[in-house]
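Grab a pencil and work through these short exercises. Try each one yourself before you read its solution.

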Amino acid sequence: MRTVNTQESADRLEEAERTLEELRTALEKVGIKLPSLGLDPISLACEAPIPLVELGRCSVQTAAQLAAALR
């Protein structure tokens, strides 16, 4: 069984939060706002969290804007 390193867990969470903000900023620069963008709370709940970014739901118009931005 692996011992949980609390510093490693804290580093993962910090990296996830930083990445989330980078994504939010990049999307805003192209005029896209994903209202449900955030970290998935369930992925943070385990002893050694492996954070997942929850992109969430958005309108069809926002999905079309996102697709256009990725092209």
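Buried means under 20% relative accessible area, exposed means over 50%, and partly exposed is in between (1.4 Å probe, protein chains only). This is a predicted model: local features need pLDDT of at least 70, side-chain atom pairs count only at pLDDT 80 or more, and totals for chains, interfaces and linings use all residues. Residues are numbered from 1 along each chain as its sequence is written, and side-chain values use heavy atoms, with hydrogens and water left out.

**Exercise 1.** Sort Cys-58 and Cys-46 by accessibility, then look for disulfides.

*Solution.* Start with Cys-58: its relative accessible area is 35%, so call it partly exposed. Next, Cys-46 has 40%, so partly exposed fits here too. Now recall that a disulfide is a covalent bond between the sulfur atoms of two cysteines. The search counts a pair of cysteine sulfur atoms within 2.5 Å. Run over the whole structure, the search turns up 0 disulfides.

**Exercise 2.** Is Leu-34 buried or exposed, and which residues does Leu-34 touch?

*Solution.* First find Leu-34 in the loop between α1 (6–29) and β1 (38–39); helices (H or I, at least four residues) and strands (E, at least two) are DSSP runs, numbered from the N terminus. Its relative accessible area is 10%, so Leu-34 is buried. Then check contacts, meaning heavy atoms within 4.5 Å. Skipping residues up to four places away in sequence, Leu-34 touches Leu-27, Leu-55, Cys-58 and Thr-62. Finally, take Thr-62: it sits 28 residues from Leu-34 in sequence, yet their C-alpha atoms are 7.6 Å apart in space.

**Exercise 3.** Where is Leu-55, and how accessible is Leu-55?

*Solution.* Look in the loop between β2 (53–54) and α3 (60–70) for Leu-55. Its relative accessibility is 42%, so Leu-55 counts as partly exposed.
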